[in-house]
Amino acid sequence: MAAQVMEMKQGCKAGSCGETTACGVAAFFTEAHMRMLEDIMYGKKSVKGSHVFREGDEADKLYFIRSGRVKLTKTTEEGRILNLSLLREGDMIGELGMTGGGIYDYSAEVIENAEFGVIQEKDLEILLYRFGEFAVAFTKWMAQQHRVTQLKFRDLLLFGKPGALASTLIRLCNSYGVVTKKGIRISVKLTNTELADFIGATRESVNRMLSDLKKDGIVDMDAGHLLITSLNELKSICQCPSYPACPREICRI
């Protein structure tokens, strides 16, 4: 596990800039903190298509993603499923009731065979009580999760569907972008329907917005993958703040 944490600290790249940065919880926890978490984890494997948890399940665990990918979704009152995040190795998901009786208000679906380190709330509480520096790091990680959600809502509410789509594409660049001579290639394949589910739009509206972006030379396609050819133009659409006002650990999908 220690070696895996070191690899995450040294090997995670932000696709939009090509710089090496820490990713996931490694951006907040030291190696010593991660060893503490490893000591209280137990392993769990899940296959593609299964759920780690569903809306309404008791929220009493955290799941550290050791491998694979997970999609977080939310079901609206009308029955529509919205995509919230695409998470991967090094990320941690879940909520904690702390006072008891908490439930998940979103679901976690495995979209690529995954392995997790499961952390039970009662075991985590012991670490929080005993180690002040660990508690501070954990609080910062929790605050980051809330900030990511708040900024996604900001982009949708302030800049409409075009701004929300532009913001989503920028976040995909930072999370799954690979710099090429042609532009930034999004390594995960997403259908227009899936993109629509990230911003609460219809597939048809996303089709139109992507067509406009292609005409303007901002995006293109490369063997079924989205290719961002003008990142600055995308940033202007959603009035993306300059780094470090919005650091990369915040601006991610």
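**Briefing: pocket, cores and Asp91**

The largest pocket has a volume of about 1000 Å³. The model is a predicted one. The protein has 253 residues, of which 44% count as buried, and its secondary structure comes to 7 helices and 10 strands. Among contacts between residues at least 6 apart in sequence, 71% join residues at least 24 apart.

**Largest pocket**

- The lining of the largest pocket is made up of 41 residues.
- Nearest the centre of the largest pocket lie L84, S85, Q145, T149 and K152.
- Helix 4 supplies the largest share of this lining, with 15 residues.
- At least two lining residues each come from strand 3 (60-75), strand 4 (81-88), strand 5 (92-96), helix 4 and helix 5.
- By residue type, the lining of the largest pocket divides into 19 nonpolar, 12 polar and 10 charged residues.

**Nonpolar cores**

- In soluble globular proteins, nonpolar side chains tend to be buried together.
- The largest nonpolar core holds 31 residues, and L169 and I228 touch the most other members.
- Two or more residues of this core come from each of helix 4 (132-176), strand 8 (184-186), helix 5 (192-199), helix 6 (203-215), strand 10 (225-228) and helix 7 (231-237).
- Helix 4 gives the most to this core, namely 8 residues.
- Leaving aside residues up to four places away in sequence, L169 touches L213, V219, L226, I228 and L234.
- Another core, of 17 residues, lies apart from the largest one; M34, I40, F64 and L124 are among its members.

**Asp91**

- D91 sits in the loop between strand 4 and strand 5.
- D91 counts as buried because its relative accessibility is 4%, and the cut-off for buried is under 20%.
- The side chain of D91 reaches the backbone nitrogen of R88 at 3.0 Å.
- Not counting residues up to four places away in sequence, D91 touches G24, Y63, F64, I65 and R252.
- F64, one of the residues touched by D91, is also among the members of the 17-residue core.
- R66 lies 25 residues from D91 along the chain, and the C-alpha atoms of the two are separated by 8.2 Å.

**Elements that recur**

- Helix 4 gives the most residues to the largest nonpolar core and also the largest share of the lining of the largest pocket.
- Helix 5 gives two or more residues to that core and at least two to the pocket lining.
- Strand 4 and strand 5, which flank the loop of D91, each supply at least two residues of the lining of the largest pocket.

Note on methods
Residues are numbered from 1 along each chain as its sequence is written. This is a predicted model: local features need pLDDT of at least 70, side-chain atom pairs count only at pLDDT 80 or more; totals for chains, interfaces and linings use all residues. Side-chain values use heavy atoms; hydrogens and water are left out. A nonpolar core is a set of buried Ala, Val, Leu, Ile, Met, Phe, Trp, Tyr and Cys residues joined through side-chain atoms within 4.5 Å. Buried means under 20% relative accessible area, exposed over 50%, partly exposed in between (1.4 Å probe, protein chains only). Helices (H or I, at least four residues) and strands (E, at least two) are DSSP runs, numbered from the N terminus. Contact means heavy atoms within 4.5 Å. On a 1 Å grid over the protein atoms alone, a cavity is a set of points where a 1.4 Å probe fits but cannot get out, and a pocket is an open set with protein on both sides within 12 Å along at least five of seven lines; lining residues have an atom within 4 Å of a point. Grid points are joined across faces, edges and corners, and a volume is the space filled by probe spheres set on the points. Ala, Val, Leu, Ile, Met, Phe, Trp, Tyr, Cys and Pro count as nonpolar, Asp, Glu, Lys and Arg as charged, and the others, Gly among them, as polar. A polar contact is a pair of N or O atoms within 3.5 Å; within protein, one must be able to donate a hydrogen and the other to accept it, and residues adjacent in sequence count only if both atoms are side-chain atoms.
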